[in-house]
Amino acid sequence: MSASRSVAIVIDGRAVTATEGVTVASALLDAGVTAFRSSTSGSVRGPVCGMGICYECRVTIDDVPHRRACLVVVASGMRVDTASGNA
């Protein structure tokens with residue numbers, strides 16, 4: 001089995017490394033980010049289904065809002081902003 005490669009991404013202004021080929025949701029969770037956004041009532045939200053149905057994992061990726069983090073694979077240099085900004 002080959003060793004996993006890492007890519008550099010930025011989460012809420014903080015440089016982190018992520019494993020190449022994982023989803024943004026996985027990279028966020030690996031970086032300790034569990035609150036991806038806030039609901040209209042102010043409660044924090046994060047991934048629930050992991051397959052794009054629930055929309056709870058929405059984040060801004062490279063200035064494009066409302067991307068589902070569970071469906072996007074990390075790329076080197078990617079910028080991810082959570083609505084909660086808790087990275």
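A disulfide is taken here as a pair of cysteine sulfur atoms within 2.5 Å. By that yardstick this predicted model comes up empty, with zero disulfides in the structure. Cys57 and Cys70 are the pair to look at. The cysteine sulfur closest to that of Cys57 sits in Cys70, 3.7 Å away, and so it is too far for a bond. Seen from the other end, the sulfur of Cys70 likewise has its closest cysteine sulfur in Cys57, at 3.7 Å and too far for a bond. Both residues are tucked away from the surface: Cys57 is buried at 2% relative accessibility, and Cys70 is buried as well, with a relative accessible area of 9%.

How far can the prediction be trusted along the chain? The mean pLDDT is 92, and 92% of the residues reach 70 or more. Among the elements, strand E7 has the highest mean pLDDT, 98, while strand E3 (residues 37–38) has the lowest, 91.

Next comes the sheet. Five strands make up an open sheet in the order E2-E1-E7-E5-E6, and the pairing is mixed. Strand E2 (14–19) and strand E6 (64–68) form the edges, each pairing on one side only. Going from one strand to the next, the twist averages 40 degrees.

Strand E1 (residues 6–11) has partners in both E2 and E7. With E7 the pairing is parallel and runs over two bridges, and here Val10 has Arg79 of E7 as its bridge partner. With E2 the pairing is antiparallel and runs over six bridges; on this side Val10 stands opposite Ala15. Val10 therefore turns up in both pairings, bridging to Arg79 in E7 and facing Ala15 in E2.

In a regular strand, side chains alternate between the two faces of the sheet. The two faces of E1 can be told apart by what covers them: Val7, Ile9 and Ile11 make up the covered face, whereas Ser6, Ala8 and Val10 make up the uncovered one.

The hairpin of E1 and E2 has two residues between its strands, and within this hairpin Asp12 takes a positive phi near 50 degrees. Asp12 also shows up in the surroundings of Thr82, a residue in the segment after strand E7 (79–81). The side chains of Thr82 and Asp12 make a polar contact at 2.7 Å. What else does Thr82 touch, leaving aside its neighbours within four places in sequence? Besides Asp12, Thr82 is in contact with Leu28, Val33, Ala35, Phe36 and Val59. Thr82 has a relative accessible area of 8%, so it counts as buried.

Two further residues have a positive phi without being glycine. One is Asp62, with a phi of about 50 degrees. Asp62 belongs to the loop between strand E5 (58–61) and E6, and at 34% relative accessibility it is partly exposed. The other is His66, where phi is about 60 degrees. His66 lies within a strand, E6, which is one of the two edge strands of the sheet. Is His66 buried or exposed? At 57% relative accessibility, His66 counts as exposed.

How values were computed: Residues numbered from 1 in each chain as written. Predicted model: local features only at pLDDT ≥ 70, side-chain atom pairs only at ≥ 80, totals over all residues. Heavy atoms only, no water. Helix = DSSP H or I, 4+ residues; strand = E, 2+ residues; numbered from the N terminus. Buried < 20%, exposed > 50% of the residue type's maximum accessible area, 1.4 Å probe, protein only. Polar contact = N/O pair within 3.5 Å; in protein donor to acceptor, adjacent residues only side chain to side chain. Contact = heavy atoms within 4.5 Å. pLDDT = per-residue confidence, 0-100. Pairing = 2+ DSSP bridges. Axes fitted to C-alpha atoms, helices over the stretch in contact; angles between N-to-C directions.
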